[in-house]
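The exercises below are meant to be worked through with the sequence and the model open side by side. Try each task before reading its solution.

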Amino acid sequence: MFDYDVTRREFAKTVATFAALVGMPKLEVPDLLAAPNANGTVSWGMVGTGSRGMELLRHLSKVPFGRCVALCDIYPVNLKKGVETIGGDPAPYEDYRKMLERKDMDAVLIATPLHLHASMIVDALSAGKHVFVEKTMVFTEEEVRAVKEGAAAHPKQVLQVGLQRRYSLLYRLAMEMIRKGGLGKVTHVRAQWHRNGNWRRTVTDPKLERQINWRMYREYSGGLMAELGSHQTDVANWAIGSEPRSVIGIGGIDYWKDGREIYDNVQCIFEYPGGQKLVYSSITSNAHFGPTEQIMGDEGTLELGLDGPTGKGMYWREARAKVTQAGSKEQWWEGATVSAEAQQKGVPIFPERISPDQSFLQREMTYAKRWLVSRGWYDLKEPRDPVYNQMEHFLLCVRDGLKPVADVNIGASDAECVIYSNRAMDETRRVYWPQYENNKQEPAKTKVKKA
Amino acid sequence: MKPFPGPAKTLLPALALLIAAGPLLSEIRLEQTRAAMGTQFTIVAYGDDESYLQSAVSAAFDEIFRLDREWSDYIEESDISFINRHAAEEPVKVDPELFRMLSTCLEYSRETGGAFDITVGPLLRVWGFYRGTGRLPKSEEIKAALGAVGWQKVRLDPRSRTVSFAAAGMKLDLGGIGKGYAIDRAAAVLREAGVTAALLLSGTSSIVAIGAPPGQEAWTVNIRDPKDAHKSAGQVMLKDASLSASGSYEKFFKADGKTYSHIFDPRTGYPVQGVLSVTVVGSSGTETDALSTSLFVLGKEESAYYLRKHPGIRALYCTEAGCEWLGRAH
């Protein structure tokens, strides 16, 4: 599919083929109305109704088969806002353990500060609840183990991690392109999340500074790597197909000297077992490059971003020499000058789009897709915000016993990227993943003979 | 386990100063402009601590961006786009905030006898104002478009919190109220952060004022003369109040010797003629944004009648004959 040079028209065809692979399954569905447990409703509660929890609540409130029965937060102002945001009449709690005692609650969503995630996940699983936890899944190395063990002890319960790019049509299409060889061999990923701002929330009562601005303090927060970088290390892990082997990095509090304890800029290089590298940067003093990931292979480059609901994706083809067996007859055509533009400019990739003026048949196909989604055979039905998609899919997993896309293993690998990169920066050394600790030799390193 | 050991270990010195000094010091003015909803939003805020003000203004912009993402009919993944694709087939569940907004819109439609209508989109399309600069459609096209227009065809069910359409081809477009609501919400974020002097503008069409600038009674806002952009047709002193303007001079096209503006009468399907601009002063951006378009459509006499029934709202009504204030303040 990719062994010819790409013009815009050809690329459109290629992308259409990918879209067909990803989004347009053969519609041989016997009964369009056979969605399992169509009337089943999932009852859920949430702990942590701060800014992120509120975002999740807004999307959850649109899922037709979900019902919020309880909300929990230690800060009454946010608890009240949460109740207003979700509507209905959820029971308010200050203590999440009390909330977990409810028998009428199938699932719990955790959107608290990072240092609380692990204990809440384990408690919720032990209480028999299905769990959605915001990224980063856990804070420490020990917690990675504890949560993995907790999940293994409750195999019938869902544990999903809030890495919404895994639920984005654009990102899924991009990964399908990579799997089908669109980039050739992926060798490098460069990613950054650049902002220009102090990353602080306003605090009207100084007593609440650490509670509201918990992201600033090491007791509770993994800083930029945990709050922003974790989304993008997950994209690199996904594109490369493994977790890293080692990481080096440098961070500093160099611009916002306002009492914060976490770095206001971080630069890290992750090394993967196949020699691939992720070069990562997050800064808070310039927003020009925003949040994007550039995935580079020897045959092409993808640039992805989820800034806004749609996200954006661009593809560039490498101008590589084509090598074939000699012997075939040389045959050339002369003609008009070909524009250089088609190859040099990037080509946008898009997830499948639903036309605003759908015919009856197209609508039926949409219904068919919903059924396929509910079976887990097909991921996402049409353009919606990936945060909505992940919420809907979580409740579907709970209702129908499906496996989550962003599961405990993906969450654990992602958390390790945060934990080890922060350690590399704090201790100014190269940190290896435990399984490589005793095998630090570089993969396939060429020995240089002394002269 | 106490999740956050208190009391706070780190007190921000500037914040402590702010609390100690009270509202006497207001030395910093912060102004920022950012793009959203197809226009430019500007926020001006006064305070004592630059970093704190920056956080507050940043959070206010985040609120505007959120509403843009969720409610824009230009963004396919937005809730409004989802409703527009599916509400004619089946009821679509929406979040409580959007349900409240849609209820408010239908209430304005009822109150203005259909002059305000969020279903006007199909008309904008046939008249070429949707992502275009305007064209003269055939009367059959207008008639067909009117089949998919009408606020009475929007069904809201409070029990299931769903919205559905009674006719195929209908589209919701919150363009006539959304920017005003966005600056109301952004103002609420600033107020919650303790900001007591700020001005929020969406383009130049809607303005919300919090308090007054330090040392002044109110924010002075000049209303543009629709016939001469360099002249003022009136001046308003805004304090904890809002102002919105609609003008036929903003977007129009000429065909067959006539000028057609982009403001439509949803009841007839044709652009409103004879009104140059309407500027409404009221208590919220949502209210003034919705009413500036509605009063433009209603015409001067009906507008005067509407404003007599709704004290507290004023409007500067400009036609070829000149500009006149209608209604009265509280």
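A residue is called buried if 20 or more other C-beta atoms lie within 10 Å of its own, exposed if 12 or fewer do, and partly exposed in between. The model is a predicted one, and by this criterion buried residues make up 47% of the 451 residues in chain A.

**Exercise 1.** Decide whether Gly134(B) is buried, partly exposed or exposed, and describe its surroundings.

*Solution.* Begin with the position in the chain: Gly134(B) lies in the loop that runs between helix H5 (121–126) and helix H6 (139–146) of chain B. Next, count neighbours: because 18 C-beta atoms are found inside 10 Å, Gly134(B) counts as partly exposed. Then list the contacts, leaving aside residues up to four places away in sequence; among them are Trp127(B), Phe129(B), Phe252(B), Tyr260(B) and His262(B). Finally, consider Phe253(B), which is also touched by Gly134(B): the two are 119 residues apart in sequence, yet their C-alpha atoms are 5.9 Å apart in space.

**Exercise 2.** Work out the strand order of the open sheet of 3 strands in chain B, and find the helix that packs on it.

*Solution.* The order is E3-E5-E4, with antiparallel pairing, and the edge strands, each pairing on one side only, are E3 (92–93) and E4 (154–157) of chain B. Turning to one pair, E3(B) is joined by 2 bridges to strand E5 (residues 162–165) of chain B, and Lys93(B) stands opposite Thr162(B) in E5(B). Helix H4 (residues 96–111) of chain B packs on this sheet, where it touches E4 and E5 of chain B, and its direction makes about 130° with that of E4(B).

How values were computed:
Residues are numbered from 1 along each chain as its sequence is written. Chains are lettered from A and ligands numbered from 1 in the order in which they are written. This is a predicted model: local features need pLDDT of at least 70, side-chain atom pairs count only at pLDDT 80 or more; totals for chains, interfaces and linings use all residues. Helices (H or I, at least four residues) and strands (E, at least two) are DSSP runs, numbered from the N terminus. Two residues are in contact if their C-beta atoms, placed from the backbone, lie within 7 Å. Two strands pair if DSSP finds at least two bridges between them. Axes are lines fitted to C-alpha atoms, for helices over the stretch in contact, and angles run from 0 to 180 degrees between N-to-C directions.
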